[in-house]
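Here's a quick tour of a protein, one topic at a time. Keep the 3D view open and click along as you read.

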Amino acid sequence: MTTQYRVQDVAPDTAGDGGGSTRAPRKHRVLRWSAATLTVLILAVAGTGYLYYRHLNANIEQDDLNLGDNKVAGPTPNAAGQTPLNILVIGSDARDSKENQELGGARETFGSTPLADVQMLLHLSADRSNLSVVSMPRDTLVKIPKCTDPDDGKVYAASEGRVMTNQSLGHGGPGCTVATWQELTGIRIDHFMMVDFSGVVSMADAIGGVPVCVDANIHSRDSQGHGSGLKLEKGTHPVKGVQALQWLRTRYGFEDGSDLARAKAQHMYMNSMVRELRENATLSSPNKLRKLAEQATRAITVDSGLGTVKKLYDLSNELRKVEPSRITMTTMPNRYVGARVEPTEDAEQLFRLVREDIALDGKDAKKATAQKTAEASATPAAAEDKDEIGVLVQNGTRTDTLAAASGRASTVAGLLVEKGYTKASSDRSASLSEAKTLVRYPSAELESDALAVAKSLGIPTSSVKKSTDVSGVTLVVGADWREGTAYKAAKQDDTTPKTAEALNGADESACMHVNPGFTW
């Protein structure tokens, strides 16, 4: 008897792409998140027996989650005791097989150190009502932390100054890319999924085509041969197989020809794919399913927390709870530094919203308020714990127009002593300038102490920052607390920055703008 498999309701798994490379620009770049997405889809529906299950498990390659020394504390559970889930999707440009070489091109780079050319964070909210996605351009300048390769014990020293984020993969594996993200964003990464070139075309075929739109005829090819080869007429067309691959890697022909424009096209594809999976996807051939499951499991590398078919299936069940209208795709706000980019102040705003589990679509303001109220009313650290916490208080009330308010460090240190922090002391030698009151801590081991200090004074958790400039928990009284004994935090802006170019998962009107130089 032939078993029929029908996809009833499948939610997304994604990755994105961004800017430059340490090598010469290549015309063959692939968005590997489509492979990761369809991996979850296929494994969720391919119930094909225990022996085959074990075989698929053996296909899945695993690697360590975090190769850095620093750890990030987990998020505060919501009122129902739920916590969000953060998954980093990584696309490797590895040319380590004949198949990857044929798909990726650039034969001169065969066997070279792979780059993490696609980096996209999936944030599934604690209540599973919404999904926020943040793409980081591959040429973003960051500090890569010290990482240790789990296979041979080789230690990669922290980068001297800032380097391109895609180099992190070559510092011991995907766990170093995870460590780099955590250092930059302060967001704890729970899992990663890494995929390479192989399997993208066949897995794109699994859903029978994804509708994409261009506002003019496009042919992604210039006189020097640059381009993906994508050729479409104006309007909306379903793409699959090689043509889907071309769409996902097209840079020449979309908008200004940058990797940022390509990331926008990838977001549009992902959103359209999710809608297709939910509305139309039917896979009726067990043999086809088995073949796709084989390819999918061979195409991915994951951490041990996702290292079995069952774990991937459980993940798909969590993801499918989100409706397309509650999916928000964004690109990390950035500005150019020469040919590279760096995060802006808006990027920190975006990271904070993710850290605090605030939906990027702005539809859960009441939930966010309730969560903050619950955090504010939570029982502070016990008195005996407070006795052991050393706190240095500094005066940072000086501004461009006002001298430092006299005695602020001593006054606030006295407040802490009254609240049980008997080791609190003031630093009378420091005269700093900080617009907002901050609590800084040097390492993950002291993060809970810093949060407890902040909570005791009514300072929001967003003002608690990790910093290598301090040796212990340090409270800087800012210009927003020049007088009085009660801190009143300014109302925070919890809206998604416009510079993140948010795209809603239910938006069917999105259409890529074609550069006039690539039309026909």
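## Starting with the disulfides

Cys176 is buried, with a relative accessible area of 0%. Its disulfide partner is Cys147, which is buried too, again at 0%. Bear in mind as you go that you're looking at a predicted model. From these two cysteines, the briefing moves on to the sheet, the cores and the charged pairs.

**Disulfides**

- The count of disulfides comes to two, and a disulfide is a covalent bond between the sulfur atoms of two cysteines.
- In the link between Cys147 and Cys176, the sulfur atoms are 2.2 Å apart, and the angle about the S-S bond is 80 degrees, which makes this link right-handed.
- These two cysteines come from distant parts of the chain: Cys147 belongs to strand β6 (residues 147-148) and Cys176 to helix α4, with their positions 29 residues apart in numbering.
- The other disulfide joins Cys213 to Cys511, with an S to S distance of 2.0 Å; this link is left-handed, at -75 degrees about the S-S bond.
- Where in the chain do Cys213 and Cys511 sit? Cys213 is in strand β10 (residues 210-214), while Cys511 is in the segment after β23, and the two are 298 residues apart.
- Are Cys213 and Cys511 buried or partly exposed? Cys213 counts as buried because its relative accessibility is 15%, under the 20% cut-off, whereas Cys511, at 28%, counts as partly exposed.
- Counting bonded cysteines along the chain, the pattern is 1-2, 3-4.

**The eight-stranded sheet**

- Look for an open sheet of eight strands, in the order β1-β14-β9-β2-β3-β4-β15-β23, with mixed pairing.
- Why do β1 (61-62) and β23 (503-504) each have one side without a neighbour in the sheet? They stand at the edges and each has a single partner strand, so one side is left free of a neighbour.
- Further in, β9 (residues 191-195) and β14 (residues 300-302) run antiparallel and are joined by three bridges.
- One residue pair to click on here is Met194 and its bridge partner in β14, Thr301.
- Helix α4 (residues 174-185), the home of Cys176, lies across β2 (85-92), β3 (116-124), β4 (131-135) and β9. The helix runs at about 125 degrees to β2.
- A handy thing to know when you look at any sheet: in a regular strand the side chains alternate between the two faces.

**A hairpin with charged partners**

- Strands β16 (residues 334-337) and β17 (residues 340-343) pair in the antiparallel sense over four bridges.
- Together β16 and β17 make a hairpin with two residues between them. Gly338, in the turn, has a positive phi of about 65 degrees.
- The bridge partner of Arg335 in β17 is Glu342.
- Which residues join Arg335 and Glu342 in a network of salt bridges? They are Arg162 and Glu345.

**More salt bridges**

- Side chains of opposite charge can pair when their charged atoms come close. The salt bridge count for this model is 18.
- Arg188 and Asp190 form one of them, with their closest N and O atoms 3.3 Å apart. Arg188 is partly exposed at 35% relative accessibility, but Asp190 is buried at 17%.
- Glu255 and Lys264 meet in another, at 3.1 Å from N to O. Glu255 is partly exposed at 24%, and Lys264 is also partly exposed at 24%.
- Lys423 and Glu388 make a salt bridge at 3.9 Å, N to O. This pair links distant parts of the chain, 35 residues apart: Lys423 is in the loop between α13 (408-418) and β19 (424-431), and Glu388 is in the loop between α12 (383-386) and β18 (391-396).
- Lys423 is partly exposed at 45%, while Glu388 counts as exposed because its 59% relative accessible area is over the 50% cut-off.

**Nonpolar cores**

- How many residues does the largest nonpolar core have? The number is 45, and the residues with the most contacts inside this core are Leu131, Met193, Val214, Leu232, Trp247, Phe254 and Tyr269.
- Helix α7 (residues 259-279) gives the most to this core, supplying seven residues.
- There's also a second, separate core of 24 residues, including Val393, Tyr421, Ile459 and Val464.

How values were computed: Residues are numbered from 1 along each chain as its sequence is written. This is a predicted model: local features need pLDDT of at least 70, side-chain atom pairs count only at pLDDT 80 or more; totals for chains, interfaces and linings use all residues. Side-chain values use heavy atoms; hydrogens and water are left out. Two strands pair if DSSP finds at least two bridges between them. Contact means heavy atoms within 4.5 Å. Axes are lines fitted to C-alpha atoms, for helices over the stretch in contact, and angles run from 0 to 180 degrees between N-to-C directions. A salt bridge is a side-chain nitrogen of Lys or Arg within 4 Å of a carboxyl oxygen of Asp or Glu. Buried means under 20% relative accessible area, exposed over 50%, partly exposed in between (1.4 Å probe, protein chains only). A nonpolar core is a set of buried Ala, Val, Leu, Ile, Met, Phe, Trp, Tyr and Cys residues joined through side-chain atoms within 4.5 Å. A disulfide is a pair of cysteine sulfur atoms within 2.5 Å.
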